[in-house]
Amino acid sequence: MKTLTLRSGTRMPALGLGTWKSDADEVYRAVRSAIEVGYRHIDCAAIYQNEEEVGRAIGDALRARDASREELWITSKLWNDSHAPEHVQLALEASLRKLQLDYLDLYLIHWPVALRHGVALPTGPDDFIPLSELPLESTWKAMLKASELNLAREVGVSNFSKRMIEKVSDTTGQTPAVNQVELHPYLQQDALLAACHQLGVAVTAYSPLGSPDSAAMLRRRDDVLLTGHPAIEQVAERHGATTGQVLIAWALARGTSVIPKSVNPGRIAENWAARDLDLTPADMTAIAALDRHDRKVEGKFWFLGETYSHKTLWDE
Ligand SMILES: NC(=O)c1ccc[n+]([C@@H]2O[C@H](COP(=O)([O-])OP(=O)(O)OC[C@H]3O[C@@H](n4cnc5c(N)ncnc54)[C@H](OP(=O)(O)O)[C@@H]3O)[C@@H](O)[C@H]2O)c1
């Protein structure tokens with residue numbers, strides 16, 4: 001199995017299963033079939049509102065001895081309404097209970113955005129807390145404390161820019177193990193990837209297939225789906241692979257971990273087989289040409305009012 005070695009020396013399985021938008025009634029089967037086929041890494045989050053079903057699947061898979069707890073890599077994420085240091089451990093423990101686990105392998109700050117406690121998604125400007133009032137550094141310190149209590153083996157961040165990573169690292173002397181960010185051929189983020197590697201931060205690529213099932217929810221119109229792009233189709237044809245497999249193999253070839261979501265057992269198996277696909281330098285060059293800074297998860301929902309903006313969120 002391909003793994004990414006984190007700064008601590010811990011090895012994280014490179015290919016995992018995403019669970020955002022996986023309906024509660026579908027995600028149990030998805031996680032069970034992923035573990036049966038060989039996946040050992042499951043990406044979860046409190047806000048996905050399906051951790052109980054994911055936990056039932058993990059619990060049943062462990063009892064069926066489809067995998068051992070030590071082989072599994074379970075990631076979850078702190079929601080934005082629990083950034084206050086006194087809420088971090090409680091939020092982590094709530095995820096653990098739902099996931100039927102006594103520790104996480106990785107716990108991430110989901111977004112560099114703080115919401116009032118109890119607000120799942122903001123409906124107006126008053127739902128936000130400015131970072132000047134609740135700085136990321138204090139949330140990060142609470143994350144480090146939770147890892148000292150062995151509630152999470154590793155802690156990291158998600159949707160963080162280079163500057164944000166440097167800020168939390170400089171304040172505490174401890175750098176996040178992982179930054180989970182959107183990465184696919186339409187949004188390649190070479191500079192952020194290089195900066196993370198230089199800082200010793202492993203990178204996980206989210207929405208690696210271009211997140212087609214979030215378009216309606218995020219009120220976004222996708223023109224050419226990545227999985228239907230002629231250049232990706234050509235690479236797929238050359239290898240007798242599918243376009244989904246090419247996109248996953250591309251993420252692995254860039255040294256990132258990657259977490260494609262599927263609730264379809266056929267595609268779950270298809271995506272798993274992508275780890276055996278080796279792309280050539282010519283394939284990589286052809287795919288590099290597709291970069292167009294096209295974010296699928298723009299974070300527009302954080303821009304109600306003036307507390308957060310595209311510029312402050314993405315540092316670009
Ligand atoms: N940290 C963050 O802020 C953040 C943000 C976004 C995502 N994530 C994580 O990253 C995971 C993946 O991202 P995502 O869910 O946005 O999108 P994605 O994995 O890029 O795409 C998922 C979509 O692709 C379809 N699909 C799966 N395999 C396929 C294949 N081989 N060929 C064609 N279509 C295929 C899925 O349909 P079926 O399910 O019907 O197969 C689903 O519609 C999430 O689930 C979540 O765990 C994290």
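This briefing describes the ligand site and the two largest pockets of the structure. The model is a predicted one. The ligand occupies the largest pocket, and the protein buries 91% of the 910 Å² that the ligand exposes when taken alone. Helix H9, residues 265-272, gives the most residues to the shell around the ligand, and H9 also provides the largest share of the lining of the largest pocket.

**Surroundings of the ligand**

- The ligand has 31 residues around it, and those that come nearest are Lys21, Asp43, Ser211, Ser262 and Arg267.
- Sorted by class, the shell around the ligand holds 14 polar, 10 nonpolar and seven charged residues.
- Three residues of this shell come from helix H9.

**Polar contacts with the ligand**

- In Ser211, a polar atom of the side chain lies 2.6 Å from an oxygen atom of the ligand.
- Ser262 likewise makes its contact through the side chain, where an N or O atom is 2.6 Å from an oxygen atom of the ligand.
- Thr19 takes part through its backbone, with an N or O atom 3.2 Å from a ligand oxygen atom.
- With the protein in place, 91% of the ligand's area of 910 Å² is buried.

**The largest pocket**

- The pocket whose space is taken by the ligand has a volume of about 1200 Å³.
- Its lining is made up of 50 residues, and Trp20, Lys21, Ser211, Met217 and Leu218 are the ones that lie nearest the centre of the pocket.
- Ser211 and Lys21 therefore appear in two lists, being named among the residues that come nearest to the ligand and among those nearest the centre of this pocket.- Helix H8, residues 243-253, and helix H9 each supply at least two residues of this lining, and the largest share, three residues, comes from H9.
- The lining of the largest pocket comprises 20 nonpolar, 18 polar and 12 charged residues.

**The second largest pocket**

- The volume of the second largest pocket is about 330 Å³.
- This pocket is lined by 19 residues, and Ala46, Glu51, Ala94, Ser95 and Lys98 are the closest to its centre.
- Two elements, helix H2 (51-63) and helix H3 (85-99), give two or more residues each to the lining of this pocket.
- Helix H3 provides the largest share of the lining of the second largest pocket, with six residues.
- By class, seven nonpolar, six polar and six charged residues line the second largest pocket.

Definitions and conventions:
Residues are numbered from 1 along each chain as its sequence is written. This is a predicted model: local features need pLDDT of at least 70, side-chain atom pairs count only at pLDDT 80 or more; totals for chains, interfaces and linings use all residues. Side-chain values use heavy atoms; hydrogens and water are left out. A residue is near a molecule or strand if one of its heavy atoms lies within 4 Å of it. A polar contact is a pair of N or O atoms within 3.5 Å; within protein, one must be able to donate a hydrogen and the other to accept it, and residues adjacent in sequence count only if both atoms are side-chain atoms. Accessible areas come from the Shrake-Rupley method with a 1.4 Å probe; for residues, only the protein chains shown count as cover. On a 1 Å grid over the protein atoms alone, a cavity is a set of points where a 1.4 Å probe fits but cannot get out, and a pocket is an open set with protein on both sides within 12 Å along at least five of seven lines; lining residues have an atom within 4 Å of a point. A molecule sits in a cavity or pocket if more than half of its atoms lie within 2 Å of its grid points. Helices (H or I, at least four residues) and strands (E, at least two) are DSSP runs, numbered from the N terminus. Ala, Val, Leu, Ile, Met, Phe, Trp, Tyr, Cys and Pro count as nonpolar, Asp, Glu, Lys and Arg as charged, and the others, Gly among them, as polar. Grid points are joined across faces, edges and corners, and a volume is the space filled by probe spheres set on the points.
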